[in-house]
Amino acid sequence: MNLAVKLTLAASGIFLFVGLIGGILKYRGIMTSPNHRAHPYIDIAHRASLLYSFAALVMAALLTFSPYSDPVQILITGVPLFFFSVAIAQYYRLGLEGKVTNQFKERNFNTTWGMLLLIVGELGGVGAIVWGFISTQFLG
């Protein structure tokens with residue numbers, strides 16, 4: 001197993017663990033709020049962490065068939081994993097601060113350029129991983 005696969009599997013485990021911690025925060029919010037609901041961004045962070053853990057697991061499985069060199073594999077998996085991590089952290093930050101329920105209400109760097117970078121980084125990295133799998137398993 002190469003380093004890119006190991007890093008991606010480690011990230012999957014970390015996202016899963018962080019998602020489980022988010023479940024505790026969500027439960028705490030449900031039990032302590034007057035309407036018995038967690039803050040929307042705690043709810044989003046909890047779900048995103050769990051979903052990103054499985055996304056990383058799929059990426060790791062696809063990387064095992066990658067035709068790319070180790071440095072390229074680290075790059076194409078590292079970029080999406082970075083943005084997954086940033087998104088999760090942002091959701092938890094917003095939820096724990098409790099000030100905002102819609103981060104897109106006002107335009108700023110994060111909601112414009114940050115989102116553009118996230119879209120390009122995630123689609124580019126995952127697209128390259130999927131293409132590597134398709135090229136080795138169906139075209140090569």
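This text walks through the structure from its overall make-up to one helix and then to two buried residues.

The model is a predicted one, and its secondary structure consists of four helices and zero strands, so that, read from the N terminus, the order of elements is α-α-α-α. Along the principal axes, the C-alpha trace spans about 60 × 30 × 20 Å. Of the 140 residues in the protein, 37% are buried, and the surface that remains exposed comes to about 8,500 Å², with carbon and sulfur atoms supplying 71% of it. Among the contacts between residues at least 6 apart in sequence, 78% join residues that are at least 24 apart. As for charge, the protein carries 9 positive and 5 negative charges, and the mean positions of these two groups are 9 Å apart.

Helix 1 is a good place to look more closely. It takes in residues 3–32, 30 residues in total, and the distance from its first C-alpha to its last is 43 Å, which is close to the 44 Å expected at 1.5 Å a residue. At the start of this helix, a side-chain oxygen of N2 comes to within 3.2 Å of the backbone nitrogen of A4. A4 is itself among the buried residues of helix 1, a set that also includes V5, T8, A11, F15 and K26, and the cover over these buried residues includes helix 2 (40–63) and helix 3 (70–97).

Why does K26, a residue of helix 1, count as buried? The relative accessible area of K26 is 17%, and because buried means under 20% relative accessible area, K26 falls within that class. Leaving out residues up to four places away in sequence, K26 touches A38, I42, D43, H46 and R47. With one of these, D43, the contact is also polar, since the side chains of K26 and D43 approach to 2.6 Å.

A second buried residue, M59, belongs to helix 2. M59 counts as buried because its relative accessibility is 3%. Once its neighbours within four places in sequence are set aside, M59 is in contact with T8, T77, P80, L81, F84, V126 and I129. One of these partners, T8, is a buried residue of helix 1, while another, I129, lies 70 residues from M59 in sequence and yet 7.0 Å from it in space, C-alpha to C-alpha.

Methods
Residues numbered from 1 in each chain as written. Predicted model: local features only at pLDDT ≥ 70, side-chain atom pairs only at ≥ 80, totals over all residues. Heavy atoms only, no water. Helix = DSSP H or I, 4+ residues; strand = E, 2+ residues; numbered from the N terminus. Expected span 1.5 Å × (residues − 1). Buried < 20%, exposed > 50% of the residue type's maximum accessible area, 1.4 Å probe, protein only. Contact = heavy atoms within 4.5 Å. Polar contact = N/O pair within 3.5 Å; in protein donor to acceptor, adjacent residues only side chain to side chain. Areas by Shrake-Rupley, 256 points an atom, 1.4 Å probe, with all protein chains shown as cover. Lys, Arg positive; Asp, Glu negative; His and termini not counted. Charge placed at Lys NZ, Arg CZ, Asp CG, Glu CD.
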